[in-house]
There are 4 protein chains.
Amino acid sequence: MARLKKKKVRDKIVASATKLFAKQGYFCTSVNQIAKNAEVAVGTIYVYFDSKDEILIELFIDYFRKLMEEIEEKFQNSKTEPLTKLLNGLRYMVNKLSEDIDMAKVFLVELRQSNKALNFIAPKIQKDYEKLIKKLLDEAKDQGLLNENIDTQVISISTFGLIETMLFDWLNRGYSKEKLIDNMEKTARYFVNGIRNI
Amino acid sequence: MARLKKKKVRDKIVASATKLFAKQGYFCTSVNQIAKNAEVAVGTIYVYFDSKDEILIELFIDYFRKLMEEIEEKFQNSKTEPLTKLLNGLRYMVNKLSEDIDMAKVFLVELRQSNKALNFIAPKIQKDYEKLIKKLLDEAKDQGLLNENIDTQVISISTFGLIETMLFDWLNRGYSKEKLIDNMEKTARYFVNGIRNI
Amino acid sequence: MARLKKKKVRDKIVASATKLFAKQGYFCTSVNQIAKNAEVAVGTIYVYFDSKDEILIELFIDYFRKLMEEIEEKFQNSKTEPLTKLLNGLRYMVNKLSEDIDMAKVFLVELRQSNKALNFIAPKIQKDYEKLIKKLLDEAKDQGLLNENIDTQVISISTFGLIETMLFDWLNRGYSKEKLIDNMEKTARYFVNGIRNI
Amino acid sequence: MARLKKKKVRDKIVASATKLFAKQGYFCTSVNQIAKNAEVAVGTIYVYFDSKDEILIELFIDYFRKLMEEIEEKFQNSKTEPLTKLLNGLRYMVNKLSEDIDMAKVFLVELRQSNKALNFIAPKIQKDYEKLIKKLLDEAKDQGLLNENIDTQVISISTFGLIETMLFDWLNRGYSKEKLIDNMEKTARYFVNGIRNI
DNA sequence: TATGAATGAGGTTTCATTCAT
DNA sequence: GATGAATGAAACCTCATTCAT
């Protein structure tokens, strides 16, 4: 029971921080604001986190690990053709992030901050993503779906960027989620068409 | 002569700010640091700029306007095939930005900050870019180089994202400029291949 | 207990501010000085007050409300003749203010500053004072002690001014408190003689 | 001609300072503002005045000297009864100050500032005023118009205060100049009635 | 005389963090 | 664990004054 409550307080803080970071950015959000919004005292935050930096970091790691696990599971279980898997994966990620706008905003903006703490996290996230994609592409190569001299690393980087870009544009212009998914589908298809062996 | 000196001081401030914003980010750079690095007094900064925000904004506008003008000129003067023009343009932008690493960093990171100031600038920059690209793509469509149902807006957004992504990856991993250009070439070719009418 | 301490810190800040505002004026007193003199950290001041302005405002309101309540009580309880009440009231106010020189100085000087904050406070104080005096004078008129065509509003304004002037002169020239009270008695008597119906 | 221009520039500065001090107060007015408003360069101000303080001081002295000279002349030339002269003098001063609202504001507010510079000037002004009034009252005493044990010093102080108060109230509440003059007449008559020997 | 860019000390305020309760 | 008053370094910005032109 105590355990449960502990979880609840921590979650309230994370939710509050995510929301405020998304709305105002990391630097324009004060720990006092996070506390007030989470309906706890400032001191309480420091019971669960060592510093303001830590909130951001843990928030990221938690979210991204879950996302990666979900994707990986999707990739492993299915027997679909690898390039279709890739399209599905990209759609899934965009869809998932679009369901938690606050997280998406934090993900897009703060991941690029040259914040001391994040300097350490951001590359790790991207590396995890790349490993996933490269495995898929190697599989595709093995099946002869990709030309031999296609650079799989470049594709990893690019697809990550396309996800970011599409989300960022959507957040900025505020159109419907359907339009976002449609845009992502299109750009992913263009790109995959470009690398597919014909 | 006085005019010349005035220009010089302003330029020193802009250079100092760009460098520091790139290294530490906007929020972790203090006006005092900018002043010290530019070898002027703090007060001098406020002779040329109304606020710290203004430095960032003017710095962006100045740089981006120049970049856009150069690209536009390249596009207009040449009689090359439109899709090749697009490839050339993307290469040119990456090349240009890679030559001023500090500016590139600021461009990639701060443009996403939801700062009051930037909320105003970022969309304008992207809109300028889009207009340029769409004109090119419409030209390509007219010449039958693109399939009729290709979404030119999505392509504009995507190519902007690919430039950002490639640069960001390069800055993070620190490989050679040749490798960066090569990566950009590849991803651009993949993408253009995907939309080209065959 | 915590409550008690909280009250004490606030009081220390108010006392420190009053003293320094009196000695140096509002603008020549820095928040750092107030903090140092109150033996608290600068930040502590902003726990209790929103801004430097607020300190001045709250300090005034607190003091003046108390003073008005005391006078009102004196006026209501006594069955003395109204014009004697007036003389007593004026003497009481001068006496009271002379006992807290710092407060008197702030009262005399800062009340005239056209500070945004004070523009709001000063009129309120004077209105409260006027209401009190006019009630007394109307009473006197009813008893036939004042000529019918005496302007009670003018008298309110004037007596307020006489208090201010006598105090200001005393502070400037630094004579004994007895002399101050004596001067106030005299001028009040001259004035009341001038309006009394004979 | 050069002389004339010199005068003109100085006057422009004084007029600008008076206006701004009246509107914003001494401390909230910057030298740059004064310069801009006077349509001269900042440096020019320091050609004519040693410091910001000096502007305020000279502005006061200039104005008050003229005012006193005018009153003195009025008092000397006339053969009117002294107490009527006093009433006339008070009316004249209020009338004069009410014609230059900016100067009146500065006069009323800044004269009380514990500004280092003015600490020296304010008493001098009041002393000049007192000397004038006491001379008049002594004359009245000699003619048997005042009771022997009337305190002429107190009256000097009080009448100065009444002028200030009436003006201050007028500025605060913003009624017509006729009403101001009427109020001053009334309060002066009440007061003089109170001291007149009957 | 007149200019106005340059100065830098000092102003108010914020805020991540601590610690006694 | 939970609290929130207290801290003080450091942030941005102002402004009276100077001085080379």
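## A:Leu167 and the nonpolar cores

Setting aside neighbours within four places in sequence, A:Leu167 is in contact with A:Val94, A:Leu97, A:Ser98, A:Ala104 and A:Leu108. Contact here means that the C-beta atoms of two residues, placed from the backbone, lie within 7 Å. This is a predicted model, in which local features need pLDDT of at least 70 and side-chain atom pairs count only at pLDDT 80 or more, while totals for chains, interfaces and linings use all residues. Residues are numbered from 1 along each chain as its sequence is written, and chains are lettered from A and ligands numbered from 1 in the order in which they are written.

A:Leu167 also belongs to the largest nonpolar core, which has 107 residues. A nonpolar core is a set of buried Ala, Val, Leu, Ile, Met, Phe, Trp, Tyr and Cys residues joined through C-beta atoms within 7 Å. A residue is buried if 20 or more other C-beta atoms lie within 10 Å of its own. Six members touch the most other members: A:Val94, A:Met166, A:Leu167, B:Val94, B:Met166 and B:Leu167. The largest share of this core comes from α8(A), with eleven residues. Helices are DSSP runs (H or I, at least four residues), numbered from the N terminus. Apart from this core lies another, of 103 residues, including C:Ala140, D:Leu20, D:Phe75 and D:Ile125. In soluble globular proteins, nonpolar side chains tend to be buried together.

## Domains of chain A

Chain A is assigned domain 1 (1-49) and domain 2 (57-195). The bounds come from an automatic or database domain assignment. Taken over C-alpha atoms, the two domain centres are 28 Å apart.

Nine residues of domain 1 are in contact with ten residues of domain 2. The domain 1 side of this contact has six nonpolar residues, two polar and one charged. Ala, Val, Leu, Ile, Met, Phe, Trp, Tyr, Cys and Pro count as nonpolar, Asp, Glu, Lys and Arg as charged, and the others, Gly among them, as polar.

## Chains A and B

Chain A gives 29 residues to its contact with chain B, and chain B gives 29 residues as well. On the chain A side, α6 (101-110), α8 (152-173) and α9 (177-195) each give two or more residues. The largest share there is that of α8(A), with eleven residues. By class, this side of chain A holds twelve nonpolar, twelve polar and five charged residues.

A turn of 180 degrees and a shift of 0.1 Å along the axis lay chain A on chain B with an RMSD of 0.2 Å. Copies are superposed by least squares on the C-alpha atoms of residues with pLDDT of at least 70 in both. In chain A, A:Gly194 has the C-alpha nearest the axis, 1.9 Å from it. The copies meet through the same surface, because 97% of the interface residues of chain A are also interface residues in chain B.

## Chains C and D

Chain D lies on chain C with an RMSD of 0.2 Å after a turn of 180 degrees and a shift of 0.1 Å along the axis. The two copies are therefore related as by a two-fold rotation axis. In chain D, the C-alpha of D:Gly194 is nearest the axis, at 1.9 Å. Both copies use the same surface, and 97% of the contact residues of chain D recur in chain C.

This contact takes 29 residues from chain D and 29 residues from chain C. In chain D, α6 (101-110), α8 (152-173) and α9 (177-195) each supply at least two of them. α8(D) gives the most, eleven residues.

## Pairs that do not touch

Chain B and chain C share no contact, and their closest C-alpha atoms lie 21 Å apart. Chain B and chain D do not touch either; their nearest C-alpha atoms are 12 Å apart.

## The DNA strands

DNA strand E is surrounded by 34 residues. A residue counts as near a strand if its C-beta atom, placed from the backbone, lies within 6 Å of it. The closest to DNA strand E are A:Ser30, B:Gly43, C:Ser30, D:Ala41 and D:Gly43. The surface near DNA strand E has 16 nonpolar, twelve polar and six charged residues.

Around DNA strand F there are 33 residues. A:Gly43, B:Ser30, B:Gly43, C:Gly43 and D:Ser30 come nearest. The surface near DNA strand F has 16 nonpolar, twelve polar and five charged residues.

Definitions and conventions: A residue is buried if 20 or more other C-beta atoms lie within 10 Å of its own, exposed if 12 or fewer, and partly exposed in between; C-beta atoms are placed from the backbone.
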